[in-house]
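Subject: Handing over the structure

Hello,

Here is the structure I promised to pass on to you. Please open it next to this email, and then read on for what turned up in it.

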Amino acid sequence: MLPETMTVIEAKGQGGPEVLVPATRPVPRPGAGELLIAVEAAGINRPDVLQRQGLYPPPKGASDLLGMEVAGTVAALGEGVTRFKPGDAVCALTNGGGYAEFCIVPEPMTLPVPQGLSMVEAAALPETVFTVWHNVFERAALKPGDWLLVHGGTSGIGTTAIQMGKLFGAKVIVTVGSAEKTRACEELGAARAINYRDEDFVEVVREVTGGHGADVILDMVGDGYIERNLRAAATEGRIVQIAFLQGSKVDIDLMRLMMRRLTLTGSTLRAQSVEAKGRMARGIEEHVWPLIAQGKFKPVIDSTFDLVDAAAAHARIDDPDHIGKIVLVVDKKAR
């Protein structure tokens, strides 16, 4: 029997981690096509930080609570849900609401927890795997033998892209900001990690690829990186923009794009339809989940925090020294 209330994390205003405080709300009930998940762990992502700061409002109809990925067990089913049953171990991409003891998710965006993973590890998968799958493999059509350049190699997105890119036959180059992060990425499988504080990534990419350049570039930095990505890209390269940590308004000469037949594209994940994300989920379950079950790919976990310590967890993600994913733990057994 479901409880009447649950602990959640609310943002009391906009600003730093200190605006995140525990609160009590009614347990929601799933509608048609939805599941209610008893959350055991919830991943923290950069869009959560932007929402906390007031820069990324939730889409219409979504929960105002932060949290875009969760893992736990199915607690209740809405009308028409047929794939899962109460008690099933699942992880899911959410439209919001993950920082809570219970979370509503659409059935198409829900996947079984991959064999061999803890709930903490499972909670660290959906947002990053969906993002990498959609942008690197669907939009940019990464192929075996391609050179993949990923900016922010030790982020959740970066550590996921390194492993997925290598497993699908690409050669991965990343940019990072310290010697420690360089070592971490190369140990994870990157062919070359570039410390952007000491080296020009355009020159290094050209050198490492024998003048070929990067076939696919995944960028979340923006600003001055956009023009430099055009110079680092191979002929007919594909550049995918997924965020703008340093700014989205730039003055660039697009002649290079024309002369080298480059593709410059981008996307956001949260605003896409349930149907679109369900299609991504099917591709991920077919192509990526078996690799996880075989032990070939695991999320990199930087640290875990109890749900009520969400402010401390956000202080950690604000710290540029973190490597991998930060996860909130609702049920201590999830660890």
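Let me start with I252: leaving aside its neighbours within four places in sequence, this residue is in contact with I226, E227 and L230. Please keep in mind throughout that the model is predicted.

You will find I252 in the loop between β12 (233-241) and α8 (255-259). One of its partners, L230, lies 22 residues away along the chain, and the C-alpha atoms of the two are separated by 9.5 Å. Is I252 buried or exposed? Neither label fits, because its relative accessibility is 23% and I252 therefore counts as partly exposed.

Next, have a look at a pair of helices. The axes of α6 (residues 201-208) and α7 (residues 224-232) come within 9 Å of each other and cross at roughly 20°. Because angles under 35 degrees count as roughly parallel, α6 is described as roughly parallel to α7. The crossing of these helices is right-handed. Which residues make the contact? From α6 they are F201, V202, V205 and R206, and these meet Y225, R228, N229, R231 and A232 of α7. Sorted by type, the residues of this contact are 5 nonpolar, 1 polar and 3 charged.

Then there is helix α3, which spans residues 126-139. It is largely enclosed by the rest of the structure, because 12 of its 14 residues are buried. The buried ones are P126, E127, T128, V129, F130, T131, V132, W133, H134, N135, V136 and F137. Just after α3 you will come to A141, which takes a positive phi of about 50°.

Finally, please turn to E10, in strand β1 (residues 5-11). Why is E10 called buried? Its relative accessible area is 13%, and the label applies because buried means under 20%. The side chain of E10 has a polar contact of 2.8 Å with the side chain of K12, and another polar contact, also given as 2.8 Å, joins the side chains of E10 and R25. Apart from neighbours within four places in sequence, the residues in contact with E10 are V19, L20, V21, A23, R25 and L65. R25 thus appears both in that list and as a polar partner of the E10 side chain.

Happy browsing, and do write back with any questions.

Best wishes

Conventions. Residues numbered from 1 in each chain as written. Predicted model: local features only at pLDDT ≥ 70, side-chain atom pairs only at ≥ 80, totals over all residues. Heavy atoms only, no water. Helix = DSSP H or I, 4+ residues; strand = E, 2+ residues; numbered from the N terminus. Buried < 20%, exposed > 50% of the residue type's maximum accessible area, 1.4 Å probe, protein only. Polar contact = N/O pair within 3.5 Å; in protein donor to acceptor, adjacent residues only side chain to side chain. Contact = heavy atoms within 4.5 Å. Axes fitted to C-alpha atoms, helices over the stretch in contact; angles between N-to-C directions. Parallel < 35°, antiparallel > 145°, perpendicular 65-115°, else oblique. Left-handed = near helix turned anticlockwise from the far one by under 90°. Nonpolar A, V, L, I, M, F, W, Y, C, P; charged D, E, K, R; others polar.
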